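Work through the following exercises with the sequence and the model side by side. Try each task before reading its solution.

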Amino acid sequence: MIAVAGLAACSKKEPGGGSDDGKITLGFSQVGAESGWRTANTKSVQDAATAAGITLKFSDAQQKQENQIQAIRSFIAQKVDVIAFSPVVESGWDAVLNEAKEAKIPVILTDRAIDSPDTSLYQTFLGSDFIKEGNLAGEWLVKQYEGKNDPVNIVELQGNTGAAPANDRKKGFGDVIAKDPKFKVIASQPGDFTRAKGKEVMEAFLKAHQDIDVLFAHNDDMGLGAIEAIEAAGKKPGVDIKIITIDAVHDGMQALADGKINFIAECSPLLGPQLMELVKKVKNGESVEKRIVTNETTFTQEQAKAALPERKY
Ligand code: AHR
């Protein structure tokens, strides 16, 4: 017991710890590089850290929770000033976040939430309202089929199993379409937020079902992979099968403007500048709001055409 307490005391951060040059050091554990959204998010965080004069220790978890836990432990051992991470899945963080708390290193959740009831494990959560994104996707669909009674067969490509955006977008979309029994989700499977898996799963959906009316993909990349599968099956994406996605990254917006996607609910990856402001505040012991929701919009095909020339990512 005494030995454990002694070890914990050794790992505690001394006031004024961090880098020797007086700069704030941020340890950031990123999910991976699975999508266009993620690439834009990584760039936003890196650029904003440079602009804010914050030393960034960046770690790519390659979509694996064990890699993120290892990265957070390494940040604790290095006595960084602040830890931020985008949790690959919602569950299973209490142990490692208690270690950060014991070491007196503040933690910021960015982009994705965790499901722990212990909210003292992090200072704030900066990111989108994923349930709302799913709601917006569902509401657009309901409007398209207003006044029609025939069944609408929907297939769904989910994000990686257990991730907050996969759970919440599924729920948000499901809650809206459940109000009208003509909407039927005839197949729903994870596509891991990647183009390759989106294509593979869509191929399987197309083989199993001749009568797909709508695809709801939890991100642009899976939608773009699915478009390849739909075209290879001799169907017209956006016409024979209506496609709704989430993100609004450049390639998704191009497909929307080209008529291959029908509607996108935006999820902004540009979290870097706000994150750096929060890092400075928590390092200085200032209070911050527990939940900060990103501003977002939606795009139709016409709106995508207008927005594309200015789209930065
Ligand atoms: O957590 C945000 C989601 O993760 C994005 O919608 C998706 O593209 C990414 O991989």
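**Exercise 1.** Find which polar side-chain atoms lie beside oxygen atoms of the ligand, and at what distance.

*Solution.* Begin with Asp-111, which places a polar side-chain atom 2.8 Å from a ligand oxygen, and then turn to Arg-112, where a polar side-chain atom also lies 2.8 Å from an oxygen atom of the ligand. Next, take Asp-247, whose side chain has an N or O atom 2.6 Å from an oxygen of the ligand; a polar contact is a pair of N or O atoms within 3.5 Å. The protein covers 100% of the 280 Å² of accessible area that the ligand has on its own (Shrake-Rupley method, 1.4 Å probe).

This is a predicted model, in which local features need pLDDT of at least 70 and side-chain atom pairs pLDDT 80 or more, while totals for chains, interfaces and linings use all residues. Residues are numbered from 1 along each chain as its sequence is written, and side-chain values use heavy atoms, without hydrogens or water.

**Exercise 2.** Describe the shell around the ligand by residue class and by element.

*Solution.* First list the surrounding residues, among them Glu-34, Trp-37, Phe-130 and Asn-219 (near means a heavy atom within 4 Å). Sorting the shell gives 4 nonpolar, 2 polar and 6 charged residues. Finally, helix H2 (36-52) and helix H6 (164-177) are the elements that give two or more residues to this shell (helices are DSSP runs of H or I, at least four residues, and strands of E, at least two).

**Exercise 3.** Determine in which sense strands E8 and E9 pair.

*Solution.* Strand E8 (residues 214-217) and strand E9 (residues 242-247) pair in the parallel sense over 3 bridges (pairing needs at least two DSSP bridges), and Phe-216 stands opposite Ile-244 in E9.

Notes
A polar contact is a pair of N or O atoms within 3.5 Å; within protein, one must be able to donate a hydrogen and the other to accept it, and residues adjacent in sequence count only if both atoms are side-chain atoms. Ala, Val, Leu, Ile, Met, Phe, Trp, Tyr, Cys and Pro count as nonpolar, Asp, Glu, Lys and Arg as charged, and the others, Gly among them, as polar.
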